[in-house]
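Open your viewer, keep the sequence panel handy, and follow along stop by stop.

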Amino acid sequence: MNKKLVLSGFGNVGREFVKLIYEKKEDIEKEYGINLILCGVIGREGCIFEDKGLDLSLLLKCDKGSKGILQYGKINNDSFYDYPVFEGDILIECSNSDIYNGGAALNYIFNFIKRGIDVVAVSKGALVTNFTNIVQLAKENNVRLKYSGATAAALPTIDIGYYSLAGAKIKSIIGILNGTTNYILTKMEKENVSIDEALEEAIKKGITERENSMDIDGIDSACKLLLLANSFMKIEYKLDQISIEGIRNIGIGDINKAKGENKVIKLLSKAYFNDNEVVLKVLPEAVDRDHPMASIKGTNKGVIFNTDTMGEICVFGGESNPRGAAAAAIKDVINICRE
Ligand SMILES: NC(=O)c1ccc[n+]([C@@H]2O[C@H](COP(=O)([O-])OP(=O)(O)OC[C@H]3O[C@@H](n4cnc5c(N)ncnc54)[C@H](OP(=O)(O)O)[C@@H]3O)[C@@H](O)[C@H]2O)c1
C-alpha cells in the first residue's frame, strides 16, 4: 500500500523523521507492506511538493529548518510552492508548539483534516488550545488522528490508554512526563549541583525546549497531562485549569532534606478524581525511594495508570530526544495504516 506523507516543520524532529524514513523505508515495506512516500515538506516560507516523492537523500543534504526547504526548492525548482500544499494521505505536524494560540500548526491540522487527510501531531500547541474542536472535526471528516509525539513521544502513554486499557475506567494518571526536568533533578541529587548548573548541562545536551521555562516551570508536563486527561477522563479542560508548579524553586537544600528522609524529589503530573471532579496538577513532590516513580532516572519518563478493572499499569523509559519523537510519529503512521 502506498502512503503519501506531508511533513510540516523541518526542525530537529522533522529532519529526524525524514532520516528515519530514509533508513527504514525498505524494512517497513517488508514488515508492514506500507510504502512510505514523503511527498511534501512545509516550512515557514514555503513548501516543497512532488507527487512521486521527494528526493530524500538530497533533502538530507540540505540544512535543517525552513532554510533547508528553500535550498531544496532552489535545486528542484518545479517542486517549490510559496504556499502550503494540502495534499497526500497523512500529515505529520512537527512545527513549533504555540500553546497559547495554536499557531501555524492549528491552521495545517484544520486544513488537512477538512480535506479528509489523516493527522499525526508531534507538536502540542494545536491540541492543547483546541483539543475538542480538532477531535470533533476529525470525527466529522472520518479522519484518523494520533498524537503520541505530543504525549511523551517515545514513552507509550496514549496508546496504552487507548488500546491496552480499552473498556477499563482510568481512575488516575501519575506521570513524570518531562525528561529534561527529570534529568535536572537526577543530576542535582547525584552530583550535589545547583539547579542552574544542572540546567546549563541540559542546555548543552540539547534536551531543553526552545524556551526552557516550558520545562523548568512545568508547562510542558502540564500540556501532556492535559492531552492525556482530556483523552481518557471524559473532560474538556484547558491549560489554565491545571495547577502548575515547576522545579524553578527547588534548591539543593530541598534535595538533601528529601534524601535524609529516604525520599527523592520528582516533578509529578497528576490527574485524579476528587468526588466527581477531575483534578489536574503538576508539582514537585518528595516520593519514597520504593515508589515506582523514584526509580525513573535521568532523561527517562514514566506513567502509571490506575484503573477499575486492570489494576495499576506502569510504563517507564523512552528516549527523550528528537529521534525518539520522530520514531513515535513513525509508529503512529504505521498504526494509522494498519487500522
Ligand atoms: N525535540 C523533541 O525532542 C520533541 C519531542 C516531542 C515533541 N516535540 C515537539 O515537536 C515540535 C518540533 O520540535 P523540534 O525540536 O523539531 O523544534 P524545532 O527544531 O524548533 O523545529 C520546528 C520547525 O518548525 C518550523 N516552523 C516554524 N513556523 C512554521 C510554519 N509556520 N510552518 C512550517 N514550519 C514552521 C521551524 O522553522 P524555522 O527553521 O524557520 O525556525 C522549525 O524548522 C515542537 O512542537 C515540539 O514541542 C519535540
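## First stop: a pair of asparagines

Select asparagine 111 and asparagine 107: their side chains make a polar contact at 2.7 Å. Keep in mind as you look around that this is a predicted model. Now colour helix 4, residues 103-114, and you will find asparagine 111 within it. Is asparagine 111 buried or exposed? With a relative accessible area of 16%, asparagine 111 counts as buried, because the cut-off for buried is under 20%.

## Into the nonpolar core

Next, select Phe112, Leu127, Ile184, Leu239 and Leu280. In the largest nonpolar core, which has 77 residues, these five touch the most other members. Then add helix 10, residues 219-232: with nine residues, helix 10 gives the most to this core. A second core, separate from this one, has 37 residues, and Cys62, Tyr72, Ile92 and Ala325 are among them.

Go back to phenylalanine 112 and show what surrounds it. Which residues is phenylalanine 112 in contact with, leaving aside its neighbours within four places in sequence? They are Val6, Ile42, Val85, Phe86, Glu87, Leu91, Ile117 and Val119.

## Two crossing helices

Now show helix 7 (residues 179-191) together with helix 11 (residues 252-260). Their axes come within 10 Å and cross at roughly 70°, which means that helix 7 is roughly perpendicular to helix 11. To see the contact itself, show the side chains of Leu185, Met188 and Glu189 on helix 7, and of Ile252, Ile255 and Lys259 on helix 11. Sorted by class, this contact has four nonpolar residues, two charged ones and no polar ones.

## A serine in a loop

Move on to serine 320, in the loop that runs between strand 13 (312-317) and helix 12 (322-338). Turn on the side chains here. A polar atom of the serine 320 side chain lies 2.7 Å from the backbone oxygen of threonine 299, and the side chains of serine 320 and lysine 301 make a polar contact at 3.4 Å. Beyond its neighbours within four places in sequence, serine 320 is in contact with Gly179, Ile207, Thr299 and Lys301.

## Last stop: another loop

Finish at asparagine 276, in the loop between strand 10 (263-274) and strand 11 (277-288). Asparagine 276 is exposed, with a relative accessible area of 74%. For a last distance, select the C-alpha atoms of asparagine 276 and leucine 185: these are 34 Å apart in space, with the two residues 91 apart in sequence.

Conventions: Residues are numbered from 1 along each chain as its sequence is written. This is a predicted model: local features need pLDDT of at least 70, side-chain atom pairs count only at pLDDT 80 or more; totals for chains, interfaces and linings use all residues. Side-chain values use heavy atoms; hydrogens and water are left out. A nonpolar core is a set of buried Ala, Val, Leu, Ile, Met, Phe, Trp, Tyr and Cys residues joined through side-chain atoms within 4.5 Å. Buried means under 20% relative accessible area, exposed over 50%, partly exposed in between (1.4 Å probe, protein chains only). Helices (H or I, at least four residues) and strands (E, at least two) are DSSP runs, numbered from the N terminus. Contact means heavy atoms within 4.5 Å. Axes are lines fitted to C-alpha atoms, for helices over the stretch in contact, and angles run from 0 to 180 degrees between N-to-C directions. Angles under 35 degrees count as roughly parallel, over 145 as roughly antiparallel, 65 to 115 as roughly perpendicular and the rest as oblique. Ala, Val, Leu, Ile, Met, Phe, Trp, Tyr, Cys and Pro count as nonpolar, Asp, Glu, Lys and Arg as charged, and the others, Gly among them, as polar. A polar contact is a pair of N or O atoms within 3.5 Å; within protein, one must be able to donate a hydrogen and the other to accept it, and residues adjacent in sequence count only if both atoms are side-chain atoms.
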